[in-house]
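Colleague: Got a minute to go through this one with me? I'd like to talk about charged pairs and one of the sheets.

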Amino acid sequence: MSAPKGQSFTAKIGNDEITFETGRIAQLAGGSVIVRSGESVLLVTATASKNAREGIDFLPLSVEFEEKLYAAGRIPGSFFRREGRPSEEAILICRLVDRPLRPLFDKTIRNEVQVVITALSSDDEKHLDIMALNGASAAMMISDIPWAGPVGAVRIGLIDDELVVNPTIPQMENSKLDLRVAGTKEAVLMVEAGANEVSEDVLLDGLKLAHESIQDVIALQERMRDEIGKEKRNLSTPDIDPELQARVEAWLNENDRIAAVMDTTVDKTETNRRKDELTEQLVEAFADDETVSSADVKKAFGTYFKKLVRSRVLSEGIRPDGRNPKQIRPIWGEVSVLPRVHGSAVFTRGETQVMSIVTLGTPGEEQRLDTLGPVDTKRYMHHYNFPPYTVGETGRVGGTKRRETGHGALAERALIPVIPGEEEFPYTLRVVSEVMASNGSSSMASVCGSTMSLMDAGVPIRKPVAGIAMGLVTDYDSDNFVVLSDIQGVEDALGDMDFKVAGTRDGVTALQMDIKISGLSWGIFETALAQAKDGRYHILDKMAEVIAEPRTDLSKYAPRIYSIQIDPEKIGKVIGPGGKTIRSIQDETGAKIEISEDGTVFIATDNQEGAQAAQSKIELLTSSPEVGGIYTGTVVRVTDFGAFVEIMPGTDGMVHISQLADYRVNSVSDVVKVGDEIMVMVTDISPEGKIRLSRQAVLEGWTAEEARAHDQPKRSGGRSSNRRSNDRRDRRDRRDRR
């Protein structure tokens with residue numbers, strides 16, 4: 001049985017090759033490709049529904065990443081032994097793919113479009129996210145779905161101060177930058193980055209290198225479209241009738257009705273109230289016209305409102321709330337707002353407010369990941385929650401939405417470079433950012449609030465981190481543009497860009513950019529990065545007025561963690577058979593004990609005495625006797641020639657009768673019996689591990705060398721001089737008695 005012959009196309013991204021195969025697998029999808037790079041393989045399909053969805057005013061695009069653990073030769077660790085809900089890594093890949101695809105669709109499409117990416121093989125060398133994005137674009141290009149692609153994607157690393165194109169997973173372990181870029185032939189569409197305080201100039205160089213590096217894969221996809229692409233379907237829906245648009249605008253301008261919603265002196269709530277009121281009046285004015293629907297009337301209103309807002313920003317530099325393009329909204333903050341938590345802070349910027357709460361846990365509480373990604377544990381976790389009341393609405397509460405996952409991951413990425421290492425601060429850290437109110441840039445507010453709460457908790461972060469969201473308004477008919485600092489919700493909705501930048505005073509730690517137009521010029525990038533830097537410094541100054549550095553002490557409710565290092569080969573002695581020993585120590589001291597594979601023992605407790613007691617017991621279990629060391633031991637056996645003393649659990653030595661006291665001993669039992677505790681010195685340890693002890697050395701205050709000198713004849717195999725003298729005296733006494 002012979003398989004059908006497919007077609008294969010190969011492009012280079014840096015020094016890497018990426019291959020798209022099609023024509024053999026998943027042929028009923030709208031478009032399908034097998035993507036190969038190294039030994040990593042993905043199946044990517046793109047399909048559109050036959051009919052448009054009724055009653056919606058958005059493009060119903062969805063991206064799914066099927067993370068199959070068989071791709072890495074693993075069985076899922078869940079109870080059912082099959083993949084369940086998408087992991088955080090899978091959700092982030094979905095969002096990464098969605099963002100550059102969406103701007104290139106006709107905005108009037110209402111048919112459901114679905115991209116499904118299935119991981120078939122993963123070699124732990126190639127990053128699946130970049131493969132997925134390139135594969136999604138290729139599948140769209142050869143499908144029957146109208147789309148203005150292609151796009152290419154690439155990762156840029158900074159290794160030994162050199163920018164590297166598409167570094168491998170092992171190489172990225174030494175990279176100061178993780179920059180992912182997607183773009184068209186002409187411009188960049190999407191940016192996602194985590195960085196270790198990288199300068200804006202280096203980021204700009206990385207963006208330019210990325211755009212150069214994707215040209216080959218873009219050209220290849222164009223060739224695929226020309227050679228094997230399907231005929232595109234017409235999925236567009238009718239737009240607003242120009243005549244209706246003109247009538248709506250005339251009504252709004254009559255008696256200057258539109259002025260009420262363009263007022264820059266009122267807040268978001270009042271603006272929305274006025275808009276709702278004017279919308280009701282507008283719909284009522286057109287109610288008698290059966291040729292138009294209320295939905296079309298509302299859409300025409302929205303189109304005109306957007307036009308007016310953008311025009312005023314471009315021509316006058318006045319934003320919807322009256323600010324100039326570079327102006328930051330008023331900021332205030334507060335720390336220690338909750339009494340029992342380990343750290344807390346409120347950060348408020350304009351009408352956006354976030355409360356961040358820190359919880360400190362033991363190393364064993366770190367998150368374990370069962371994914372195809374390169375990371376299998378997570379010590380620092382940042383979670384972001386966005387309930388419906390934050391925007392004055394109602395809705396379903398419960399379950400983490402993809403947007404919440406993405407914003408939490410972005411804030412986490414921004415703070416990771418300043419989190420202290422486990423050696424310095426042996427805690428697992430969880431920060432939860434609860435959005436309390438939102439009018440733009442709540443993800444960046446969570447970065448600021450979390451920085452303040454971490455310092456409030458006494459976490460010794462290296463530097464404070466602040467975040468800011470930048471917006472953009474462009475003139476579609478010219479090169480005129482205005483970059484907006486600290487955008488609010490309406491500017492995000494009506495503008496052309498959402499560019500989030502987080503960092504310290506010394507560089508950028510995270511970057512995320514989404515745009516709604518076909519691309520950005522380098523001039524816009526330079527302006528946005530420079531303006532974001534100024535805004536970030538301003539916000540850092542405001543945060544420092546509330547809390548400038550980490551507290552020196554932890555909360556009294558936080559666990560105290562102490563660490564000691566033991567020989568890894570002695571871990572079993574601490575754990576004991578079936579965990580009996582470690583449980584016993586925990587029960588006796590009240591401490592929680594965790595042991596890592598390298599022999600690091602973490603002792604967590606809110607009681608210092610308990611920690612010290614646990615540490616002493618562990619050290620006693622794992623330490624090795626040293627010559628000259630003095631120990632308090634228990635007599636475990638008595639013989640005619642001496643006593644055996646357990647100086648450590650499972651470790652004993654012998655005290656010869658001549659070394660039991662600082663006087664002549666006739667019988668061992670005259671001095672000690674089983675169960676007695678005595679202090680002894682280790683005077684010698686033989687190559688076989690036999691331990692020689694002396695009680696006399698402790699009583700006389702001898703050194704180990706002096707003790708060995710007194711005991712030397714016996715230790716060398718003969719009888720000691722002291723013992724010979726004792727024997728001679730005994731014989732004389734017996735003769736005298738006869």
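What follows is a short back-and-forth on a predicted model.

Colleague: How many salt bridges does a search of the whole structure find?

Modeller: Keep in mind that this is a predicted model, and side-chain atom pairs count only at pLDDT 80 or more. With that in place, the search over the whole structure comes to 43 salt bridges.

Colleague: Which residue does Glu-64 meet in a salt bridge, and where does that partner sit?

Modeller: Glu-64 belongs to strand β5 (residues 61-66), and its partner is 338 residues apart from it, so the pair links distant parts of the chain. The closest approach, N to O, is 2.7 Å. The partner sits in helix α9 (residues 402-415), and its name is Arg-402.

Colleague: Is Arg-402 buried, partly exposed or exposed?

Modeller: Buried would need under 20% relative accessible area, and exposed over 50%. Arg-402 has 30%. Because that value falls in between, Arg-402 counts as partly exposed.

Colleague: And Asp-486 with Arg-349: are these two buried or exposed?

Modeller: They form a salt bridge, with the closest N and O atoms 3.1 Å apart. Asp-486 lies in the loop between β19 (481-485) and α11 (489-494), while Arg-349 is in strand β12 (residues 343-349), 137 residues apart. Asp-486 has 0% relative accessibility, and Arg-349 also comes out at 0%. Since the cut-off is under 20%, both residues are buried.

Colleague: Which residues are linked with Asp-486 and Arg-349 in a network of salt bridges?

Modeller: Asp-486 and Arg-349 do form a salt bridge with each other. The network that holds them also takes in Arg-319, Asp-321, Arg-323, Arg-329 and Glu-491.

Colleague: On to the open sheet of three strands: which strands stand at its edges, and why?

Modeller: The order is β22-β24-β23, with antiparallel pairing. An edge strand has a single partner strand, so one side of it is left without a neighbour in the sheet. That describes β22 (560-565) and β23 (592-595).

Colleague: What stands opposite Ser-563?

Modeller: β22 pairs with strand β24 (residues 600-605) in the antiparallel sense, over six bridges. Opposite Ser-563, in β24, is Phe-602.

Colleague: Which helix packs on the sheet, and what angle does its direction make with that of β24?

Modeller: Neighbouring strands of the sheet are themselves turned by 20° against each other on average, direction ignored. The helix touches β22, β23 and β24. It is α15 (residues 608-622), and the angle its direction makes with that of β24 is about 155°.

Terms used
Residues numbered from 1 in each chain as written. Predicted model: local features only at pLDDT ≥ 70, side-chain atom pairs only at ≥ 80, totals over all residues. Heavy atoms only, no water. Salt bridge = Lys/Arg side-chain N within 4 Å of Asp/Glu carboxyl O. Helix = DSSP H or I, 4+ residues; strand = E, 2+ residues; numbered from the N terminus. Buried < 20%, exposed > 50% of the residue type's maximum accessible area, 1.4 Å probe, protein only. Pairing = 2+ DSSP bridges. Axes fitted to C-alpha atoms, helices over the stretch in contact; angles between N-to-C directions. Contact = heavy atoms within 4.5 Å.
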